[in-house]
Amino acid sequence: MKFTRKANANWKGTGMEGTGKISTQSTTLDNAQLSFKTRFADGVGTNPEELIAAAHSGCFTMQLSFLLNEGGFTADDLNTEATVTFEDGTITLIHLDLKGKVPNINAEEFEKTAAKAKEICPISKLLNTTITLSATLVS
């Protein structure tokens, strides 16, 4: 399977006082605000690190679902929070915090499957940073 996806960013002005907009092909993001404040403070809008966290948590969680299905399991609920750490101009860490409700699987198998999903998820393979994972099976 091969496909492409697109997004577009536009910026006007200086890095600190300028403003930008970002849009995605699906229009889920449609001229979403991007600025110094949305990236480095608490402004309204989005930022590259937040978008990486969203992409990584979505990719990992979907990959895990596929792996669980291959093992004969179907998740009732998988919830992954990705935390991206930006430090001195570099993304130094992404932590994936997974909580899953999966009938008939034991904690060891769940953690093993989650670790494999972390390694083979296309976004994990793309990123050049440390990626950590905590996986909790809930009932």
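Is phenylalanine 40 buried, partly exposed or exposed, and what is its relative accessible area? Phenylalanine 40 is partly exposed, at 44% (buried means under 20% relative accessible area, exposed over 50%, and partly exposed in between, with a 1.4 Å probe and protein chains only). The model is predicted, with local features needing pLDDT of at least 70, side-chain atom pairs counting only at pLDDT 80 or more, and totals for chains, interfaces and linings using all residues. Residues are numbered from 1 along each chain as its sequence is written, and side-chain values use heavy atoms, without hydrogens and water.

**View 1. An aromatic pair within helix α1.** Phenylalanine 36 and phenylalanine 40 form a tilted pair, 4.9 Å centre to centre with 40° between the planes. Rings of Phe, Tyr and Trp (its six-membered ring) pair if their centres lie within 6.5 Å; planes under 30 degrees apart are stacked, over 60 edge-to-face, and the rest tilted. About one helical turn separates the two residues because they are four apart in α1 (residues 36-40); helices (H or I, at least four residues) and strands (E, at least two) are DSSP runs numbered from the N terminus. Phenylalanine 36 is partly exposed, at 28%.

**View 2. An aromatic pair between helix α1 and strand β4.** Phenylalanine 40 meets phenylalanine 86 edge-to-face, 6.0 Å centre to centre with 65° between the planes. This pair ties together parts 46 residues apart in sequence. Phe36, Phe40 and Phe86 form one aromatic cluster.

**View 3. The hairpin of β4 and β5.** Strands β4 (residues 77-87) and β5 (residues 90-101) run antiparallel, joined by eleven bridges; strands pair if DSSP finds at least two bridges between them. Threonine 80 stands opposite leucine 98. Two residues lie between the strands, and aspartate 88 takes a positive phi near 50°.
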